[in-house]
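Got your viewer open? Let's take a walk through this one together, one selection at a time.

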Amino acid sequence: MNTCFSRRSFARSRRQQGIAAVEFTIALPLLLLLMFTSVEVGRFLYQYNTLTKAVEGGARYLASQVRAVDTPAQLVTVKTNAENLVRYGALTVAADSKPLLPGPNVVTVVTDTAAVGANPITVSATYLYDPIIFPLSIWQGIDLEVPITAAVGMPVL
């Protein structure tokens, strides 16, 4: 009886040898899509957080320095320093400075210091997020860039 049982189980296992390969073939594209999507969403959130923190730092710097400005030239210098803080993370920029966010597109920074009274100073920045998913030649003609915008208003300190 043992011989009969082992022959049946052996025949059954031979019939099901290809089932695992078929299931893996069906599941693999779904698992890859899930993995690439989660990586892309994580990368997007990281770059959005970097942009938001940089804009907050630029607005804080601008709000703390605008009261000490006496001439229009000093105001231009303070604005330039705030824009450098948003783009590069430093007030002064060296020739080999790298931007905080990667890519060939630069961060566009707008500062509004006209409201030095009760209204807050506004710093906003826009960055074009370029996804890295599907870097194939068939996608080259399609514009996949998504603008990320962060704006912060802060009262003059």
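Before we start clicking, one term to have in your pocket: a salt bridge here is a side-chain nitrogen of Lys or Arg within 4 Å of a carboxyl oxygen of Asp or Glu. Also keep in mind that you're looking at a predicted model.

**Stop 1: the whole chain**

Start with a cartoon view of everything. The protein has three helices and three strands. Follow the chain from the N terminus and the elements come in the order α-α-α-β-β-β. If you colour by burial, you'll find that buried residues account for 24% of the 157 residues.

**Stop 2: two helices side by side**

Now select residues 19-65, which is helix α2, and residues 72-88, which is helix α3. How far apart are the axes of α2 and α3? They sit 8 Å from each other, and the two helices pack at an angle of about 160 degrees. Angles over 145 degrees count as roughly antiparallel, so α2 is roughly antiparallel to α3. Turn the view until one helix lies in front of the other: the way α2 passes α3 is a right-handed crossing.

**Stop 3: the salt bridge in α3**

Stay on α3 and show the side chains of R87 and E83. These two form a salt bridge, and their closest N and O atoms are 3.8 Å apart. That distance fits the cut-off, because a salt bridge needs the nitrogen within 4 Å of the oxygen. R87 and E83 are four residues apart in α3, about one turn of the helix. Are they buried or exposed? R87 is partly exposed at 22% relative accessibility, and E83 is partly exposed at 21%. The cut-off for buried is under 20%.

**Stop 4: the salt bridge in α2**

A search of the whole structure turns up two salt bridges, so there's another one to visit. Select R43 and E40: they are paired in a salt bridge, with 3.3 Å between the closest N and O atoms. Both are in α2, three residues apart, which puts about one helical turn between them. Check the burial of each partner here as well. R43 is partly exposed, with a relative accessible area of 22%, whereas E40 is buried at 11%.

**Stop 5: a nonpolar patch**

Switch to a surface view and select F24, L28, L32, M35, F36 and V39. Together they make a nonpolar patch on the surface, with about 530 Å² of accessible area. Pick out L28 as an example: this residue belongs to helix α2, and it counts as partly exposed at 33% relative accessibility.

**Stop 6: T52 and a distant partner**

Go back to the cartoon and slide along to T52, which is also found in helix α2. T52 is buried, with a relative accessible area of 18%. Now add T149 to your selection. How many residues separate T52 and T149 along the chain? The answer is 97, yet their C-alpha atoms are separated by 8.3 Å.

**Stop 7: the loop after α3**

Last selection: the loop between α3 and β1, where β1 covers 108-112. Two residues are worth a click here. P99 lies in this loop and is partly exposed, with a relative accessible area of 46%. Show N84 with it: P99 and N84 are 15 residues apart in sequence, and 9.2 Å apart in space from C-alpha to C-alpha.

L101 lies in that loop too. Is L101 buried or exposed? At 6% relative accessibility, L101 counts as buried. Add L51 to the view to finish: L101 and L51 are 50 residues apart in sequence, with 7.6 Å between their C-alpha atoms.

Notes:
Residues are numbered from 1 along each chain as its sequence is written. This is a predicted model: local features need pLDDT of at least 70, side-chain atom pairs count only at pLDDT 80 or more; totals for chains, interfaces and linings use all residues. Side-chain values use heavy atoms; hydrogens and water are left out. Patches are made of residues with over 30% relative accessible area and no salt bridge: like charges are joined within 9 Å, nonpolar side chains (Val, Leu, Ile, Met, Phe, Trp, Tyr) within 5 Å. Accessible areas come from the Shrake-Rupley method with a 1.4 Å probe; for residues, only the protein chains shown count as cover. Buried means under 20% relative accessible area, exposed over 50%, partly exposed in between (1.4 Å probe, protein chains only). Axes are lines fitted to C-alpha atoms, for helices over the stretch in contact, and angles run from 0 to 180 degrees between N-to-C directions. Angles under 35 degrees count as roughly parallel, over 145 as roughly antiparallel, 65 to 115 as roughly perpendicular and the rest as oblique. A crossing is left-handed if the near helix is turned anticlockwise from the far one by less than a right angle, and right-handed if clockwise.
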